[in-house]
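Please open the model in your viewer and keep the sequence panel beside it. The tour below goes from one selection to the next and says what is there at each stop.

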Amino acid sequence: VPYNSGEALGVAERVMSFIEGEARRASSDLADERGSFPEFSGSIWDEMGFGGMRNATLTTIAPTGSLSIIAGTSSGIEPLFAVSFTRNILGRKFTENNPLFERIARGRLKRDTFEMIISKGTLHGVSGVPGKIRRLFVTAHEIDPVFHVKMQAAFQRHVDNAVSKTVNLPPDASIRDAERVFRAAYELGCKGITIYRYGSKMNEVLRFPEYAGSCRDMSCPN
């Protein structure tokens, strides 16, 4: 399912709605065993008709950068930062390629096409890539900033506390782009919002491959 699609927003809603329902059921069952939290009476849960609730709040989506590395999973609800990138940790550099992209692309793309993508970190501007693969492996800078917010809002609708997500912007992002993100976050009911413009710090945790230079040339997404 391409990240920047209506179908993906639907998946997000279904997944988080399920988690929300199970969390509420579990907390209600715990309240039957151990009692509700002290201020349950008059709370939103009381007004919603719950007979009891052990927890005042149940869900959040926390920052998962380090945890996702340890677990070998994708990072929270983020799109791919890049299909290949350099991770800087305590002064050491580690090059990482997306394993799913490698598995799918190796048998379907020509060797020089595959190597070009790995050297750039993105499929953007590389010819000879089937549309289905190009859509599936869209990276953060290629996604409209407001769509990043739409994805966050889809999860936020089924989360009690805030949702951690970063709207990664390309280096040529403008003040207008930032304004669009903040306005969308407010209008869509997000409880918080984070933006980061690539290249705004000298030392960044995630960088496009060294081969791509400073990302001021045409090898980076725009």
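The stops that follow begin with a helix and then turn to salt bridges in this predicted model.

Select residues 111-120 to bring up helix H5, whose buried residues are Thr113, Phe114, Ile117, Ile118, Ser119 and Lys120. If you then add strand S1 (84-89), strand S2 (92-97) and helix H4 (99-105), you will have on screen elements that are among those covering the buried residues of H5. Step on to glycine 121, which follows H5 and has a positive phi, near 90 degrees.

Next come the salt bridges, of which the count is eleven. Show the side chains of arginine 157 and glutamate 13, which meet in a salt bridge with an N to O distance of 2.8 Å. This pair links distant parts of the chain, since arginine 157 sits in the loop between helix H7 (145-156) and strand S3 (166-169), while glutamate 13 belongs to helix H1 (residues 6-34), 144 residues apart. Arginine 157 is partly exposed, at 46% relative accessible area, and glutamate 13 is also partly exposed, at 22%.

Move now to helix H8 (residues 175-187), where glutamate 179 and arginine 176 lie three residues apart, about one turn of the helix. Their side chains form a salt bridge at 3.5 Å, N to O, and adding Arg183 to the selection displays a network of salt bridges that links Arg176, Glu179 and Arg183.

For the last stop, select glutamate 204 and arginine 207, which form a salt bridge whose closest N and O atoms are 2.2 Å apart; both of these residues are buried.

Conventions: Residues are numbered from 1 along each chain as its sequence is written. This is a predicted model: local features need pLDDT of at least 70, side-chain atom pairs count only at pLDDT 80 or more; totals for chains, interfaces and linings use all residues. Side-chain values use heavy atoms; hydrogens and water are left out. Buried means under 20% relative accessible area, exposed over 50%, partly exposed in between (1.4 Å probe, protein chains only). Helices (H or I, at least four residues) and strands (E, at least two) are DSSP runs, numbered from the N terminus. Contact means heavy atoms within 4.5 Å. A salt bridge is a side-chain nitrogen of Lys or Arg within 4 Å of a carboxyl oxygen of Asp or Glu.
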